[in-house]
Amino acid sequence: MAHDQFLAAALAEAHLGAEEGGIPIGSVLVIDGEIIGRGHNRREQRFSSILHAEMDCLENAGRLSPDEYRRSILYSTLSPCDMCSGAALLYKIPKIVVGENVNFHGPEEYLRSRGVELEIVNDAECIALMKDFVDHYPELWNEDIGELAKK
C-alpha cells in the first residue's frame, strides 16, 4: 500500500508547525483512504503541555466512533512518544505509519506488543527536518520529550 500522499500531508503539517515557530512534527488520521484529521506540534504556539502533533490531529478529527478508530491509520512524521502512543492505544488505532525513528524512538515495541502494526518509513526529508530542529533547538526539543537538558 502506498502511503506517500498521507505521509506528505503529515510532512506539510510539520513544515507548517516550523513556520509558526514550533516543533516540526506533523500527523494525519486516515479512515477509508480519506484524511479526516490533521495536526502539528503546537506546544510552543499554544503554550500547551500536551499538543504534540498526534494529539492535535486527534483533537482536530473530532469525536469519532470506536468503529471509525478501528478502521483508521495514524501517520506521524516522527515516532510517537509515550503520550501519543497511549492515545493510539486508548482508541485502538490499529496501524501507525512513522515517517522516521532516527532522531527519536518512541515505545514502538510496546505498541507492537499491544497489537498495533507499525510501518517505519525513515523518509529522508522527515529525518533531515527533525535533525535540523534538534541541532538548533536542543532545549526546546528536550522539553518536548520530557528530558533534562544535557550539560
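Start with the lining of the largest pocket in this predicted model. By class, that lining has eight nonpolar and two charged residues, and no polar ones. To see the lining, select Ile50, Leu51, Met55, Leu58, Glu59, Arg63, Leu64, Tyr69, Ala87 and Tyr91. The pocket that these residues line has a volume of about 200 Å³.

Which helix gives the most to this lining? Colour residues 53-61, which form helix α3: this helix gives the most, with three residues.

Next, move to helix α5, residues 82-90, and select Ser85, which has its place there. Ser85 counts as buried because its relative accessibility is 2%. Show the side chain of Ser85 together with the backbone of Cys81: a polar atom of that side chain lies 2.8 Å from the backbone oxygen of Cys81. Then add Pro80, Pro107 and Leu111, which Ser85 touches when residues up to four places away in sequence are not counted.

Stay with Cys81 and add Cys84. Are these two cysteines buried or exposed? Cys81 has a relative accessibility of 13%, so it counts as buried. Cys84 is buried as well, with a relative accessible area of 1%.

How many disulfides does the structure hold? The number is zero. Cys81 is in no disulfide, and the cysteine sulfur nearest to its own, that of Cys84, is 3.8 Å away. Why is there no bond at Cys84? A disulfide needs two cysteine sulfur atoms within 2.5 Å. The sulfur of Cys84 is 3.8 Å from the closest cysteine sulfur, in Cys81, and is therefore too far for a bond.

Now follow the chain to the loop between α5 and β4 (95-98), and select Lys92 there. What is the phi of Lys92? Phi is near 55°, a positive value in a residue other than glycine. Lys92 counts as partly exposed, because its relative accessibility is 47%.

For the last stop, go to the loop between β5 (117-120) and α7 (124-136), where Asn122 lies. Asn122 is not a glycine, yet its phi is positive, at about 50°. With a relative accessibility of 33%, Asn122 counts as partly exposed.

To close the tour, show three of the stops together. Ser85 is buried, whereas Lys92 and Asn122 are partly exposed.

Definitions and conventions: Residues are numbered from 1 along each chain as its sequence is written. This is a predicted model: local features need pLDDT of at least 70, side-chain atom pairs count only at pLDDT 80 or more; totals for chains, interfaces and linings use all residues. Side-chain values use heavy atoms; hydrogens and water are left out. Buried means under 20% relative accessible area, exposed over 50%, partly exposed in between (1.4 Å probe, protein chains only). On a 1 Å grid over the protein atoms alone, a cavity is a set of points where a 1.4 Å probe fits but cannot get out, and a pocket is an open set with protein on both sides within 12 Å along at least five of seven lines; lining residues have an atom within 4 Å of a point. Grid points are joined across faces, edges and corners, and a volume is the space filled by probe spheres set on the points. Helices (H or I, at least four residues) and strands (E, at least two) are DSSP runs, numbered from the N terminus. Ala, Val, Leu, Ile, Met, Phe, Trp, Tyr, Cys and Pro count as nonpolar, Asp, Glu, Lys and Arg as charged, and the others, Gly among them, as polar. A polar contact is a pair of N or O atoms within 3.5 Å; within protein, one must be able to donate a hydrogen and the other to accept it, and residues adjacent in sequence count only if both atoms are side-chain atoms. Contact means heavy atoms within 4.5 Å.
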